[in-house]
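Please open the structure in your viewer and keep the sequence panel visible. The tour proceeds by selections, each followed by a description of what is found there.

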Amino acid sequence: MTKRDEGRSDVEERGRPFPAPVPAAVATGSSEPAAVEIEGLTYAYPDGTEALSQVDLVIEQGESVAVIGPNGAGKSTLLLHLNGILRGGGGRVLIFGVPIEERTLRETRRRVGVVFQDPDDQLFLTTVFQDVAFGPANMGFDESEIATRVHEALEAVDMSEFGDRAAHHLSFGQKKRIATATVLSMHPDVLVLDEPSSNLDPRSRRKLVEILRDLPVTKVIVTHDLVYAYETCERVVILDAGRVVADGRAAEILSDAPLLERHGLELPFRPHVPATARPPAR
Ligand SMILES: Nc1ncnc2c1ncn2[C@@H]1O[C@H](COP(=O)(O)OP(=O)(O)OP(=O)(O)O)[C@@H](O)[C@H]1O
Ligand SMILES: [Mg+2]
């Protein structure tokens, strides 16, 4: 059991504030910085909507963390802070110990790849190949390295045949897969995915689960698909009304039906009824 597991908490349940994050080096006894360290993050949109309120979260290198919560909880807003797309609220975000600020933005975006909830926000060039090549090209790789990365990334999302197609002519699920490839091609150290499984057919969903499991990087995955969260992440954080309200092992959080229910979430399965308990067939 890790320090954080012991600290697993549900604010409402225990009536005390969620524990402040322990700095990575202290928590693990190592000198490795945490992949992501969020301290007192508060953010309101220009129209005054308060989307995040005093969020503290530490994600160690190599962890896979699912962020779940009801619509409007602030999940996407939180993810958009992880590579500095949104900034300027209260608190701070550190990536591998380096605070995100103007002078560190470029390096941050090299290390943290964010796949947006809406693929139309990610795909803007003429062909799928160009969209997936954009990141590696920007990083200064030569043509053969770019081609290799594009090929691998499209292969990973089962879209190898689509390089010459126009992304805006694809189905939503296909666009979602290409958007994921645009980030995979950058080989990020932290992979951040907003609803990666939405609109995927079962085979593509399964493939993405396998790809994500095999990738040896830190992962932060927002999803409404609790089975997907369980399949891809060992840790789950619940966000509600802009606050972290629970944080712990996936198996523990996802089997706590009352906790899930209090935050507008539910498991898709009814409890298993053993055959012997069922009424006899007529
Ligand atoms: N551009 C914006 N301008 C103003 N308010 C916004 C904007 N984007 C989001 N919000 C508001 O911020 C809050 C958090 O939104 P966010 O998109 O982060 O929620 P979410 O947890 O990702 O929800 P969902 O599950 O529906 O994707 C909501 O109240 C939302 O209405
Ligand atoms: Mg969202």
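Of the contacts in the protein with a separation of 6 or more, 67% are between residues 24 or more positions apart; two residues are in contact if their C-beta atoms, placed from the backbone, lie within 7 Å. This is a predicted model, in which local features need pLDDT of at least 70 and side-chain atom pairs count only at pLDDT 80 or more, while totals for chains, interfaces and linings use all residues. Residues are numbered from 1 along each chain as its sequence is written, and chains are lettered from A and ligands numbered from 1 in the order in which they are written.

Display the whole protein as a cartoon. There are 12 helices and 11 strands; these are DSSP runs (helices H or I, at least four residues; strands E, at least two), numbered from the N terminus. Of the 282 residues, 41% count as buried, meaning that 20 or more other C-beta atoms lie within 10 Å of their own.

Select strands 3, 2, 5 and 6 next. In that order they form an open sheet with antiparallel pairing; two strands pair if DSSP finds at least two bridges between them. Strand 3 and strand 6 (98-99) are the edge strands, each pairing on one side only. Strand 2 (residues 36-44) is joined to strand 5 (residues 90-95) by five bridges, and Val 36 has Ile 95 as its bridge partner in strand 5.

Now select Val 192, Val 220 and Val 236. These residues have the most contacts inside the largest nonpolar core, which has 70 residues; such a core is a set of buried Ala, Val, Leu, Ile, Met, Phe, Trp, Tyr and Cys residues joined through C-beta atoms within 7 Å. Strand 3 (residues 50-59) gives the largest share of this core, six residues. Not counting residues up to four places away in sequence, Val 220 touches eight residues, among them Val 36, Ile 59 and Val 192.

Move to helix 8 (residues 172-184). Why does its length agree with expectation? At 1.5 Å a residue, its 13 residues should span 18 Å, and its end C-alpha atoms are 18 Å apart; the expected span is 1.5 Å times one less than the number of residues. Of the 13 residues of helix 8, 11 are buried, including Lys 175, Arg 177 and Leu 184. Helix 6 (128-138) and helix 9 (202-214) are among the elements that cover them.

Key: Buried ≥ 20, exposed ≤ 12 C-beta atoms within 10 Å, placed from the backbone.
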